[in-house]
Amino acid sequence: MREYIYELFESTGELTVETIVLRMAAASILACFIYLSYRISHDGSIYSRKFNVSLVALTMITTTVMIVIGNNIALSLGMVGALSIVRFRTAIKDARDTMYIFWTIVVGICCGSGDYLVAGIGSAFVFGLLLLFGRVKNDNRMLLILRGSRVNESRIEALVFQVFEKRATLRVKNTTENSVEFIYEMSRRVLEKAGREKSVTDRFYELGGIEYLNIVAQNDDVSS
């Protein structure tokens, strides 16, 4: 039995039903690891169940295509030509999604060509790395938008300088005859540190002449 299974793994000649089933089964197992990895590394609103299922399906489809192509050069060129007319316009929500798509394609290629060892070891390393670093997120950029009386322009700038300890960057300054509007950019850590002893909004409204103060979070990810 052991020798029979070994022969199936090493088989590179004519395809049999057993070989096809074995390659699809190996792809299914690795696709489950990809599914689990994506589920662990994505949480909250950024997680898409449909996309995760699509990753599993993409692994199986790629494996099937590789089994069909095999070592037939003419068929592989025809497949490339057929796929070249397909244009994908799905927006990528997270930069990591591109990596997962590439991972599924590589696993499908390896399983479809019978390179189970490469697919297994490679997926194990990728799974381990994503398990360690998959939850790393960008530090949200915070925007402080405030509008006040123009006579208090210098006092507002001085208070921003004092509250955020020179770590707030002025991005926009709009003025009219009677009012002035500032937009400052900073990191979330700077904003949280400034509000530990006393609320940031309270400190600015105590200055007087402030019409409104808005705090907006910005993130480079489309999903945020």
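On the surface of this predicted model, Leu117, Ile121 and Phe125 form a nonpolar patch that together offers about 360 Å² of accessible area. Of these residues, isoleucine 121 belongs to helix H6, which runs over residues 116–133. Its side is neither fully covered nor fully open: because its relative accessible area is 44%, isoleucine 121 counts as partly exposed.

Before going further into the fold, it is worth considering the confidence of the prediction. The protein chain has an average pLDDT of 80, and 76% of the residues score at least 70. Among the elements of the chain, helix H1 (residues 2–10) has the lowest mean pLDDT, 55, whereas strand S3 (residues 179–187) has the highest, 91. Where pLDDT is low, the predicted coordinates should not be read in detail.

The UniProt record, an unreviewed entry, places the feature "transmembrane region" at residues 20–41, 53–80 and 100–133. In the model, residues 20–41 are 100% helix and 0% strand, and the end C-alpha atoms of this span lie 32 Å apart. For residues 100–133 the end C-alpha atoms lie 14 Å apart, although the span is 91% helix and 0% strand.

Helix H3 covers residues 49–69, and its length can be checked against a simple expectation: at 1.5 Å a residue, its 21 residues should span 30 Å, and because the end C-alpha atoms are indeed 30 Å apart, the model agrees with that figure. Along H3, the buried residues are Phe51, Asn52, Leu55, Thr59, Met60, Thr62, Thr63, Met66, Ile67 and Ile69. Just after the helix comes glycine 70, which takes a positive phi of about 55°.

Positive phi values also appear at residues that are not glycines, and these call for a closer look. Most residues other than glycine have a negative phi. Glutamate 165, however, has a positive phi of about 55°, and lysine 166 has one of about 65°. Where do they lie? Glutamate 165 is placed in the loop between helix H7 (153–163) and strand S2 (169–175), and lysine 166 is likewise in the loop between H7 and S2. Are these side chains buried or exposed? With a relative accessibility of 46%, glutamate 165 counts as partly exposed, whereas lysine 166, at a relative accessible area of 64%, is exposed, because the cut-off for that class is over 50%.

Definitions and conventions. Residues numbered from 1 in each chain as written. Heavy atoms only, no water. Helix = DSSP H or I, 4+ residues; strand = E, 2+ residues; numbered from the N terminus. Expected span 1.5 Å × (residues − 1). Buried < 20%, exposed > 50% of the residue type's maximum accessible area, 1.4 Å probe, protein only. pLDDT = per-residue confidence, 0-100. UniProt positions renumbered as here; feature names shortened; annotations may be inferred. Patch = residues over 30% accessible without salt bridge, like charges linked within 9 Å, V, L, I, M, F, W, Y side chains within 5 Å. Areas by Shrake-Rupley, 256 points an atom, 1.4 Å probe, with all protein chains shown as cover. Salt bridge = Lys/Arg side-chain N within 4 Å of Asp/Glu carboxyl O.
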